[in-house]
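Student: I am new to this structure and should be grateful for a close look at one part of it. Please choose a single loop as the point of entry and then set out its surroundings in a connected account.

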Amino acid sequence: MSRQRIYYFDNNATTRVAPEVLDAMLPFLRDHYGNPSSVYKFGSQTGHEIKKARAKVAALLNAAPGEIVFTSCGTESNNAALHSALATHPGKRHILTTAVEHSAILNHCAFLKKQGCEVTFLPVDADGSLDLHLLDKSIRPDTALVSVMWANNETGVVFPIEEIAAICHSKNTLFHTDATQVPGKMKMDVKALDADMLTLSAHKLHAPKGVGLLYVKRRTNFQPYLLGGHQEHGRRAGTENVASIVAFGRAAELALDHFDLENTRIRALRGRMEDAILAGIPNTVRNGAREPRLPNTSNIAFDFVEAEATLLLLDQIGVCASSGSACTTGSLEPSHVLTAMGISPARARGCIRFSLGIYNTEEEVDHLLKHLPQIIQKLRDISPAGAKTKG
Ligand code: PLP
């Protein structure tokens with residue numbers, strides 16, 4: 001593994017495990033390996049630790065512990081929400097979602113279409129916002145579920161989830177939100193929000209990969225996605241990932257404790273970084289509404305360069321960031337989110353997402369700002385389109 005210093009600006013992809021979180025989980029990998037379903041204390045004690053973790057993640061959401069179902073990841077939670085809504089409403093075969101959801105919703109919806117369901121993908125406008133009037137009109141008597149993400153992972157654009165939940169409930173329709181990018185960045189209160197189901201993934205908040213949750217509002221009919229044992233009160237079978245669940249609980253506690261301080265600091269750091277890039281590098285634009293937006297995310301179009309080339313040069317100076325593009329079988333497909341916002345393929349292929357986190361420092365931003373203008377200039381010098389802009 002490389003020992004190069006890392007400047008990590010990809011916290012929407014995943015986050016570093018907090019040292020406090022690692023300390024909390026290690027005993028459950030090393031010593032307390034009993035199965036929580038066992039009758040002897042060595043096992044059942046781990047069950048008590050799951051109970052404590054459940055209370056902690058519930059507190060992060062202002063939910064009741066009984067409303068939390070631990071899963072293996074955000075993807076599973078999203079799949080489980082879609083599955084449950086259809087399974088509990090056999091007469092309803094329509095799903096309403098948006099064109100900018102994570103692939104954990106979009107690809108499951110593509111599968112459901114093949115199974116005979118109808119799916120409506122709501123468009124977004126140029127700054128990534130939804131037309132709520134259109135959303136309202138698109139809910140049908142046979143809509144089993146409306147699933148709209150709380151905040152977009154590529155642009156950070158935040159949707160008005162409370163209003164959307166109210167529209168859905170005025171039509172007696174279930175509402176799920178993929179809130180994977182939200183914890184630690186915005187206050188979360190499921191009681192105020194009134195969503196029926198909500199997805200989180202622990203690795204976005206300084207806990208390890210491979211554990212997530214689905215919040216299921218009390219008295220919501222639920223049909224499990226994974227069938228087997230009686231774990232999670234019969235709502236998700238499979239021996240619990242005890243160490244990671246404990247870690248999730250600790251990470252939720254930290255996110256609550258440090259929220260105000262970190263959130264203000266990260267927002268300011270992101271603002272400084274974004275303003276300096278937009279002012280200092282010509283032919284750059286921010287993608288997505290300035291507000292409401294996650295405080296840590298900045299998606300910027302660098303015209304006349306390919307994002308993949310920028311990322312490779314950033315990598316050489318230890319900077320980790322993401323492109324808005326997904327690489328599919330060797331051909332560069334522009335991001336579906338940016339495409340849905342009407343951004344041209346040429347521009348979309350030059351977009352970079354910088355996503356900050358609690359461990360980023362002023363000095364790291366200085367490092368990025370020092371090198372980025374030269375990197376972009378270098379790439380424009382060798383690009384035919386970039387050369388033309390110099391006349
Ligand atoms: N939803 C959103 C908005 C995400 O950003 C991600 C992760 O990138 C997921 C779902 C999937 O989460 P996981 O990686 O835990 O499956």
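Tutor: Let us begin with aspartate 194, which is found in the loop between α7 (190-193) and β7. The model examined here is a predicted one. Aspartate 194 has a positive phi of about 65°, although this residue is not a glycine. Its relative accessible area is 31%, so aspartate 194 counts as partly exposed.

A second residue may be set beside this one. Asparagine 62 also has a positive phi, of about 55°, and is not a glycine. This asparagine is found in the loop between α2 and β2. With a relative accessible area of 33%, asparagine 62 is partly exposed.

The strands that follow these two loops lead to a sheet. Both β2 and β7 belong to an open sheet of 7 strands, whose order is β2-β8-β7-β6-β5-β3-β4 and whose pairing is mixed. At its edges stand β2 (68-71) and β4 (118-122), each of which pairs on one side only. From one strand to the next, the twist averages 20°. At the β4 end of the order, strand β3 (residues 94-98) pairs with β4 in the parallel sense, over 5 bridges. Threonine 98 there stands opposite leucine 122 in β4.

Helices lie across this sheet. Helix α2 (residues 41-61) lies across β2, β7 (197-201) and β8 (212-216), and runs at about 110° to β2. Helix α6 (residues 161-170) lies across β5 (143-147) and β6 (175-178), running at about 160° to β6.

The ligand may be considered next. There are 13 residues around the ligand, and those that come nearest are Thr75, Asp178, Gln181, Ser201 and Lys204. The largest share of this shell, 3 residues, comes from helix α3 (residues 74-88). Several polar groups face oxygen atoms of the ligand. A polar backbone atom of glycine 74 is 2.8 Å from an oxygen atom of the ligand. For histidine 203, a polar side-chain atom lies 3.0 Å from a ligand oxygen, and for histidine 102 a polar side-chain atom lies 3.3 Å from a ligand oxygen. Taken alone, the ligand exposes 390 Å², of which the protein buries 88%.

Further along the chain there is another sheet. This open sheet has 4 strands in the order β9-β10-β15-β12, and its pairing is antiparallel. The edge strands are β9 and β12 (322-323), each pairing on one side only. Between β9 and β10, the antiparallel pairing extends over 3 bridges, and arginine 286 stands opposite isoleucine 300 in β10. Helix α10 (residues 259-280) packs on the sheet and touches β9, β10 and β15 (351-355); its direction makes about 10° with that of β10. Helix α11 (residues 307-316) also packs on the sheet, where it touches β12 and β15, and its direction makes about 45° with that of β15.

One more loop completes the account. Proline 292 has its place in the loop between β9 (284-286) and β10 (297-302). The peptide bond that leads from glutamate 291 to proline 292 is cis, with omega near -5°.

To return to the point of entry, aspartate 194 lies in the loop between α7 and β7, and β7 stands between β8 and β6 in the order of the 7-stranded sheet.

Terms used
Residues numbered from 1 in each chain as written. Predicted model: local features only at pLDDT ≥ 70, side-chain atom pairs only at ≥ 80, totals over all residues. Heavy atoms only, no water. Pairing = 2+ DSSP bridges. Helix = DSSP H or I, 4+ residues; strand = E, 2+ residues; numbered from the N terminus. Axes fitted to C-alpha atoms, helices over the stretch in contact; angles between N-to-C directions. Contact = heavy atoms within 4.5 Å. Buried < 20%, exposed > 50% of the residue type's maximum accessible area, 1.4 Å probe, protein only. Near = heavy atom within 4 Å. Polar contact = N/O pair within 3.5 Å; in protein donor to acceptor, adjacent residues only side chain to side chain. Areas by Shrake-Rupley, 256 points an atom, 1.4 Å probe, with all protein chains shown as cover.
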